[in-house]
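Colleague: Got a minute to walk me through this one?
Modeller: Sure, let me pull it up.

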Amino acid sequence: MDNRYLENVIAEMKPFLNENGFKEVDGIYKNDKKAVQVEYSDERQMYVLKTADIEEDGSFSLGEASAWLFDDSQNAKDAEAVGIDFVSTIKSELGIKNKRSSASALVDLPTVSKDGAYNITAFTKKVLDVFPALKEEYKSHVSVYGNFLYLNFFGEKLVPLIKDVLLENNKKSVKKLFDVLQNGYLQGDKDTVNTIVAVVAAACVNDEAVKNNAIAALGDNQHFIDALTQFIPVISSNKKLSAALLK
């Protein structure tokens, strides 16, 4: 993949960079405190944000601050989302708090379609029912990125919650969560099934206790168990999946 969308990422970042005194020299944006560079890694198929604090003598050493999976299936709109995320990272490093946007109030929560199709939207609705605190997070995510980047959202918000539930291992909480996961696995479309396996596997990476409790929660659903145990090492060895699902 070439860098044809790099300018879209930068364009999304430019208003913030300009407002905060960043000037570009040889692809690096600097103000008196921070240096910033955005690159596309063909090997990793990711946009990479590098940042550095600028020393009193003007020297700096760039290091990776954030990375965003971006392959040939994505487009200019997705590139804008990368720019938004990178600006958020830079703000955090500079200690700038995001202003709460009223736009999130206009975002509708996901609903089940009238035809009963079990897709990502239906699964998301079920997840938000189990974890109501994620409803505002969902609205904020959609208002910021303009659409629902479900793999990134679930990687950041849902995977840690699955892990927490499995570590606590309260029977009622585990059953409530895994009823949703198993129903989605059995009834969902291909994207939904793949996503469910991915988020549960991500929660189990490098944690045998979580993995064992997840397998126990799946009971006699051997098909799901096999999919889960086969996918855990895939996430561990795949940089793109790790970046999307392990935050």
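Modeller: We can start with the fold and then go to the cores and the surface.

Colleague: Okay, what kind of model is it, and how many helices and strands are in the chain?
Modeller: It's a predicted model, and the chain has 10 helices and 5 strands.

Colleague: What does the radius of gyration say?
Modeller: The chain comes out at 20 Å, and that agrees with a compact globule, because one with 247 residues would be near 18 Å. Along the principal axes, the C-alpha trace spans about 65 × 40 × 35 Å.

Colleague: Which residues in the largest nonpolar core touch the most other members?
Modeller: Phe-123, Val-200 and Leu-228, out of 45 residues in that core. Helices H3 (120-130) through to H10 (239-245) each give two or more residues to it, and H7 gives the most, with 10.

Colleague: And what does Val-200 touch, leaving out residues up to four places away in sequence?
Modeller: Ile-162, Leu-181, Ala-214, Phe-224 and Leu-228.

Colleague: What's in the second core?
Modeller: That one is separate and has 24 residues, including Leu-49, Phe-86, Ile-90 and Tyr-145.

Colleague: Switching to the whole chain, how much is buried?
Modeller: Buried residues are 43% of the 247. Of the contacts with a separation of 6 or more, 56% join residues 24 or more positions apart.

Colleague: And the outside: how much area does the chain expose?
Modeller: About 13,300 Å², with carbon and sulfur atoms supplying 46% of it.

Colleague: How many positive and negative side chains?
Modeller: There are 29 positive and 36 negative ones, and the centres of the two sets lie 6 Å apart.

Note on methods: Residues are numbered from 1 along each chain as its sequence is written. This is a predicted model: local features need pLDDT of at least 70, side-chain atom pairs count only at pLDDT 80 or more; totals for chains, interfaces and linings use all residues. Side-chain values use heavy atoms; hydrogens and water are left out. A nonpolar core is a set of buried Ala, Val, Leu, Ile, Met, Phe, Trp, Tyr and Cys residues joined through side-chain atoms within 4.5 Å. Buried means under 20% relative accessible area, exposed over 50%, partly exposed in between (1.4 Å probe, protein chains only). Helices (H or I, at least four residues) and strands (E, at least two) are DSSP runs, numbered from the N terminus. Contact means heavy atoms within 4.5 Å. The radius of gyration is taken over C-alpha atoms; the globule rule is 2.2 Å times the number of residues to the power 0.38. Accessible areas come from the Shrake-Rupley method with a 1.4 Å probe; for residues, only the protein chains shown count as cover. Lys and Arg count as positive and Asp and Glu as negative; His and the chain ends are not counted. The place of a charge is taken as NZ of Lys, CZ of Arg, CG of Asp or CD of Glu.
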